[in-house]
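Trainee: Could you walk me through one part of this model closely, and then tell me how the rest is built around it? I work at the bench, so please keep it plain.

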Amino acid sequence: MMFESKKISVHAPATVANVACGFDTLGFALSHPFDEMTLTLTDTGSVVISEITGGFDLPCEAEKNVAGVALLSLMAALDDKHIGFDITIQKNIKPGSGIGSSSASAAGAVVAANHLIGGKFSALQLIEFAMQGEKLASGTAHADNVAPAVMGGFTLVRSNCPLDVVKLPVPPNLYAVVIHPLIEVKTSDARKILKTHVSLKDAVTQWSNVGGLVAGLFMSDYGLIARSLQDVIVEPIRSILIPAFDELKQRCLSAGALGGGISGSGPSVFMLCDGLEKAQLVEKAMQAVYSQLAVSYETHVSPIGQQGVLVC
Ligand code: HSE
């Protein structure tokens with residue numbers, strides 16, 4: 001096999017999953033924050049995670065690390081069993097933040113590896129490999145974070161098995177604002193508290209909103225996007241895990257946000273906005289609410305990340 005290069009660095013973006021009404025289905029990439037990863041091709045047939053910086057307590061054993069597991073899954077699909085990788089990770093996305101920390105590592109690893117081996121795999125295959133990292137992190141191989149991390153933009157996971165992912169258009173000027181209360185919510189815990197059955201009435205509301213949101217993205221109809229950003233199934237249950245969630249949401253809407261909700265499984269909360277100016281007002285509204293609480297937080301204002309994992 002001919003290799004294009006021996007070493008590659010990538011930026012692997014944070015992502016917002018669920019996007020209110022689309023639990024396990026919708027997601028989008030942010031432009032920042034992102035993890036910085038460097039992969040070196042080796043002939044050891046193994047994955048070595050030589051360094052993880054950023055101040056988090058993350059395992060370096062490949063089988064216990066989301067990037068390692070995603071790479072092992074990719075390597076299992078290769079004929080050449082000598083191919084291996086050495087990785088270093090500068091972790092900028094906090095684990096347990098709800099903005100796709102584990103998916104960034106998994107997606108960054110497989111996209112970088114694919115470049116090193118000459119682009120053997122499709123985006124869909126890379127998402128499937130990265131989903132193994134999600135399975136390790138949360139117990140479920142969901143794709144709503146890894147799909148936008150790999151493909152960029154807004155994505156819809158129509159089916160997990162067989163995997164079917166649709167890339168959706170992003171209206172110009174669409175910004176995301178995210179507040180991350182510095183408390184940890186484990187995705188596995190946030191999934192356990194969900195009900196396994198929903199009423200037909202709620203299901204109708206939810207799938208109408210998913211349809212409305214997708215149509216709003218296609219038509220760049222900000223009003224339709226705003227009306228569709230509603231989650232009647234998951235948010236009422238998970239929002240109890242997030243300090244001052246109702247007040248936060250109300251203040252953001254009053255400040256001009258189109259709408260939003262819990263980012264992934266939380267504790268981050270996202271809002272979508274039409275333009276940078278509105279996004280900055282919404283960020284201020286978020287900060288005003290959280291400044292009154294005894295909870296540390298950080299905020300991010302970002303355009304939708306069109307690129308996904310970016311080769312530097
Ligand atoms: N769809 C997943 C969940 C995303 O909400 O559990 C986790 O980041």
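Mentor: Happy to! Let me start with a term: accessible areas here come from the Shrake-Rupley method with a 1.4 Å probe. On that basis, the protein has an accessible surface of about 12900 Å², and carbon and sulfur atoms account for 54% of that surface. Please keep in mind that this is a predicted model.

Before the close look, here is the setting. The protein has ten helices and eleven strands. Its C-alpha atoms fill a box of roughly 55 × 40 × 35 Å along the principal axes. A compact globule of 312 residues would have a radius of gyration near 20 Å, and the protein agrees with that because its own value is 19 Å. Of the 312 residues, 54% count as buried. If you take the contacts between residues at least 6 apart in sequence, 75% of them join residues at least 24 apart.

The part I would like to look at is the loop between strand S1 (7–17) and strand S2 (26–42), where asparagine 18 is found. Asparagine 18 has a relative accessibility of 6%, so it counts as buried; the cut-off for that word is under 20%. Setting aside residues up to four places away in sequence, asparagine 18 touches Phe23, Asp24, Leu26, Asp144, Arg238 and Gly264.

Valine 19 lies in the loop between S1 and S2 as well. Its relative accessibility is 0%, so valine 19 is buried. Now for its backbone. Most residues other than glycine have a negative phi. Valine 19, although not a glycine, has a positive phi of about 50°.

Aspartate 24 is another residue of the loop between S1 and S2. Aspartate 24 also has a positive phi, about 65°, without being a glycine. With 16% relative accessibility, aspartate 24 counts as buried, and you have met it already as one of the contacts of asparagine 18.

Let us follow the contacts outward. Phe23, which asparagine 18 touches, is also a contact of valine 234. Valine 234 is found in the loop between helix H7 (222–228) and helix H8 (235–238). Leaving aside neighbours within four places in sequence, valine 234 is in contact with Phe23 and Leu194. Valine 234 is buried, because its relative accessibility is 7%.

Another partner of asparagine 18 is Gly264, so let us turn to serine 263, because its relative accessible area of 0% makes it buried. Serine 263 has its place in the loop between strand S8 (259–262) and strand S9 (269–274). Beyond four places in sequence, its contacts include Thr15, Val16 and Ala17, along with Gly98 and Ile99.

Next, the strand that follows our loop. Proline 33 sits in strand S2, and the peptide bond leading to it from histidine 32 is cis, with omega near 5°. Most peptide bonds are trans. A cis bond also runs from cysteine 161 to proline 162, with omega near 0°. Proline 162 is in the loop between strand S5 (154–160) and strand S6 (163–168).

Aspartate 86, in strand S4 (residues 84–90), touches Thr38, Leu39, Thr40 and Thr42, among others, when residues up to four places away are not counted. With a relative accessible area of 22%, aspartate 86 is partly exposed. Between aspartate 86 and lysine 7 there are 79 places in sequence, but their C-alpha atoms are 9.3 Å apart in space.

To finish, a look at a pair of helices. Two packed helices are described by the angle and the distance between their axes. Helix H1 (residues 66–76) and helix H2 (residues 101–116) pack at about 35°, and their axes are 8 Å apart. The crossing of H1 past H2 is right-handed. From H1, Val66, Ala67, Ala70, Leu71 and Leu74 take part, meeting Ser102, Ser105, Ala106, Ala109, Val110 and Ala113 of H2. By class, that contact holds nine nonpolar and two polar residues, with no charged ones.

Technical notes. Residues are numbered from 1 along each chain as its sequence is written. This is a predicted model: local features need pLDDT of at least 70, side-chain atom pairs count only at pLDDT 80 or more; totals for chains, interfaces and linings use all residues. Side-chain values use heavy atoms; hydrogens and water are left out. Axes are lines fitted to C-alpha atoms, for helices over the stretch in contact, and angles run from 0 to 180 degrees between N-to-C directions. Helices (H or I, at least four residues) and strands (E, at least two) are DSSP runs, numbered from the N terminus. A crossing is left-handed if the near helix is turned anticlockwise from the far one by less than a right angle, and right-handed if clockwise. Contact means heavy atoms within 4.5 Å. Ala, Val, Leu, Ile, Met, Phe, Trp, Tyr, Cys and Pro count as nonpolar, Asp, Glu, Lys and Arg as charged, and the others, Gly among them, as polar. The radius of gyration is taken over C-alpha atoms; the globule rule is 2.2 Å times the number of residues to the power 0.38. Buried means under 20% relative accessible area, exposed over 50%, partly exposed in between (1.4 Å probe, protein chains only).
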